[in-house]
Structure formats: structure tokens, C-alpha cells
Amino acid sequence: LNGDAQTVALLGLPRTGKSTYLGALWQLIQDPGDDTVTEVDVAGDRSYLQFLGEQVAKAEEIERTEFESEEGLRLTVDFRGIAHLSIPDMSGELLRQLIEDRYWHEHLLAVARDARAVLVFVHPARLRLPISINAAKQLAGGSLATGKSSTSTKAPPPPEFSPDGACTAAKHLDGLENVLEVTRGGGPVRVGLVVSAWDLADGEPTPSEWIAEHLPALGHMLAHHEDVIETTVFGVSAQGGPLPSEQEALLARGDVRDRAYALDSDGSSVALAEPLRWAIFG
Ligand SMILES: Nc1nc2c(ncn2[C@@H]2O[C@H](COP(=O)(O)OP(=O)(O)OP(=O)(O)O)[C@@H](O)[C@H]2O)c(=O)[nH]1
Ligand SMILES: [Mg+2]
């Protein structure tokens with residue numbers, strides 16, 4: 001399908017910052033003032049990327065990617081190492097469907113099969129945290145709501161389980177297991193966790209500590225399969241701050257290269273393209 005291009009799958013639930021990351025990256029690729037990632041050759045259609053890039057440059061929020069979109073980044077770049085890349089911009093709906101409806105959209109399946117590496121996007125303001133069984137029992141008994149223990153002797157029936165109500169970590173574990181099952185074999189697969197909108201999580205110690213605190217099950221699952229999975233964590237702020245509230249301040253900071261930033265797992269500053277570079281070269 002993509003010749004000898006190396007496919008990187010950007011996986012994430014809806015609204016987790018995938019398209020914004022591609023748009024910001026495209027701006028840097030086109031920016032002669034940025035030498036962290038440069039274009040060698042573009043194979044695909046530039047107009048879609050141009051559009052994403054302009055939205056980021058104007059500090060305007062990107063629309064949700066259409067369900068059937070087949071657009072993405074298909075190009076050869078040099079980020080201190082030349083790579084021929086295919087990075088489809090998939091709608092988060094495709095991953096949501098896989099997890100919640102147990103349905104493999106053919107596009108997601110094709111990308112997962114081709115992928116040499118996966119970048120999983122999580123948005124810090126869109127987490128659904130697990131609650132402990134005790135807390136759930138208390139909630140069900142009304143004691144948390146009233147501050148006293150419930151006087152009712154009969155507990156209400158537990159709500160029926162449905163995957164759309166599962167916490168973020170459980171969803172990702174489930175989705176990743178399915179994806180990694182079909183991903184091309186032959187050596188370990190790189191799975192990078194990208195905490196997007198890092199500007200909202202800033203003040204937290206480091207990206208890897210953030211994952212350990214907020215999505216520990218996901219971090220453990222990835223770290224404990226060293227034989228088949230190579231993993232790390234990044235914090236990425238492709239917009240540089242929240243929109244639309246910060247639009248003016250962001251524009252005042254200058255170009256995308258002056259606003260977008262990324263951190264490695266230890267919190268050291270790295271190029272915005274580093275998650276991709278790592279996905280390809282390790
Ligand atoms: N604060 C902040 N918000 C961001 C950043 N990047 C993206 N967002 C917000 O995250 C939301 C989703 O961004 P998109 O890039 O469209 O997300 P997506 O993963 O492509 O979404 P789908 O196409 O629906 O799957 C938007 O509300 C953005 O404003 C960032 O760096 N900082
Ligand atoms: Mg999108």
C-alpha cells in the first residue's frame with residue numbers, strides 16, 4: 001500500500017490532539033528557521049496538511065477528523081536520519097469503535113497491520129479515572145453523596161457494565177492489545193505514549209511520572225513486555241496552550257516554533273518531532 005514507507009500509527013480516542021500534532025509538525029517541516037525536521041520529498045497530497053498547519057499557525061482549533069478520512073502525512077523527512085514516512089491522520093472514532101463497539105474499521109485495521117510503531121495520544125483533561133470498588137459501593141449506597149451512611153438496607157442493583165463507561169486506562173489497554181496483535185511482527189514494536197496538551201499538565205513533575213500517577217496500568221503493561229514492546233513517554237504541547245482562551249497570547253508568542261514544545265520522559269526539552277524520530281529510530 002505504501003511502498004517501502006514506514007507507517008507510524010497515531011492512536012488516540014477522539015479529541016486527543018493527533019491532528020494538531022500533525023499540523024504543528026507540518027509547520028516546522030515547512031519552516032526554514034527550524035532545522036529539527038526538514039522535508040526531503042512529499043509523496044502525498046499537501047493540501048490537507050497545509051490546511052492543518054495553517055489552523056495551528058492561526059491558533060485555531062482543528063475540527064474533528066472525519067470518520068472516513070484517508071488523509072495524512074506521506075513524506076520523506078530528515079530528522080538527523082532520513083525516513084520515508086506514512087502517518088495517516090485517523091479519526092479517534094475508529095479507536096473508540098474498536099474498544100467500545102468491538103468493531104475493526106478497515107482503515108484502522110490496515111494501518112495497524114502496516115505499523116512499525118505506535119504513538120498513543122492521551123489528553124490530560126479527557127481522562128476518566130477508575131474508581132475503587134469501595135468507592136463505588138459507597139457511591140451506590142449514597143453515603144458519599146450524603147456524608148452519612150445510607151439508611152437503606154437494600155443496595156441498589158449495580159449498573160450494568162458497558163465498555164463506553166470504562167476508565168481511560170482500561171480502554172487503552174484493551175485497544176492496544178487488539179492493535180498489537182495485528183501489528184507487523186519481526187522484532188519489538190515501539191509504543192510511545194504522548195501526553196498531549198502538556199501545557200495543561202505542566203507543573204506535574206515529568207511525563208513518565210504523570211503516566212505513573214494518572215495511567216499506571218497502561219504504563220506497567222507497556223513497560224513489562226520488554227521482549228516485544230519498547231516504550232517511552234513524551235509530553236507534547238502542539239498548540240502551546242488552551243484554545244480559544246489563550247489565542248491572543250499564543251499568537252503574540254510568534255510562530256509555531258516559538259509556541260509548540262515537547263518533553264521527553266524525564267522532562268527534558270526535545271524537538272517536537274522527537275516522538276516520531278524515536279518511533280522510527282529508537
Ligand atoms: N491546551 C492544549 N490543547 C490542545 C493541544 N493540542 C490539541 N489540543 C486540543 O485538543 C482538542 C483535540 O485536538 P485534535 O488535534 O483535533 O484532536 P484529534 O485527536 O485529532 O481528534 P479527532 O480527530 O476527533 O480524533 C482540541 O480541543 C484542541 O484545542 C495543546 O497543545 N494544548
Ligand atoms: Mg483529528
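Helix α1 gives the most to the lining of the largest pocket, with four residues. Elements here are DSSP runs numbered from the N terminus: helices are H or I with at least four residues, strands are E with at least two. A pocket, on a 1 Å grid over the protein atoms alone, is an open set of points where a 1.4 Å probe fits, with protein on both sides within 12 Å along at least five of seven lines, and lining residues have an atom within 4 Å of a point.

A quick word on the model: it is predicted, so local features need pLDDT of at least 70 and side-chain atom pairs pLDDT 80 or more, while totals for chains, interfaces and linings use all residues. Residues are numbered from 1 along each chain as its sequence is written, chains are lettered from A and ligands numbered from 1 in the order written, and side-chain values use heavy atoms, leaving out hydrogens and water.

Back to the pocket. Its lining runs to 33 residues, with R15, T16, G17, T20 and H123 nearest the centre. Besides α1, the elements that give two or more residues to this lining are α3 (92–101), α8 and β7 (229–237). The space inside is about 520 Å³, counted as what probe spheres set on the points fill, with points joined across faces, edges and corners.

And what sits in there? Ligand 1 does, meaning that more than half of its atoms lie within 2 Å of the grid points. Around ligand 1 are 24 residues, the closest being K18, T20, E61, G92 and D199; the shell takes residues with a heavy atom within 4 Å. Here too α1 has the largest share, at three residues.

Three of the polar contacts (N or O pairs within 3.5 Å) look like this:

| Ligand 1 atom | Protein partner | Distance |
|---|---|---|
| oxygen | G92, polar backbone atom | 2.6 Å |
| oxygen | S237, side-chain N or O | 3.4 Å |
| nitrogen | G241, backbone N or O | 3.5 Å |

The protein covers 97% of the 650 Å² of accessible area that ligand 1 has on its own, by Shrake-Rupley with a 1.4 Å probe.

Now some backbone oddities. Most residues other than glycine have a negative phi, and most peptide bonds are trans. R15, in the loop between β1 (6–12) and α1, has a positive phi near 65°. L243 and P244 are joined by a cis peptide bond, with omega about 0°; P244 lies in the loop between β7 and α11 (247–253).

Notes:
A polar contact is a pair of N or O atoms within 3.5 Å; within protein, one must be able to donate a hydrogen and the other to accept it, and residues adjacent in sequence count only if both atoms are side-chain atoms.
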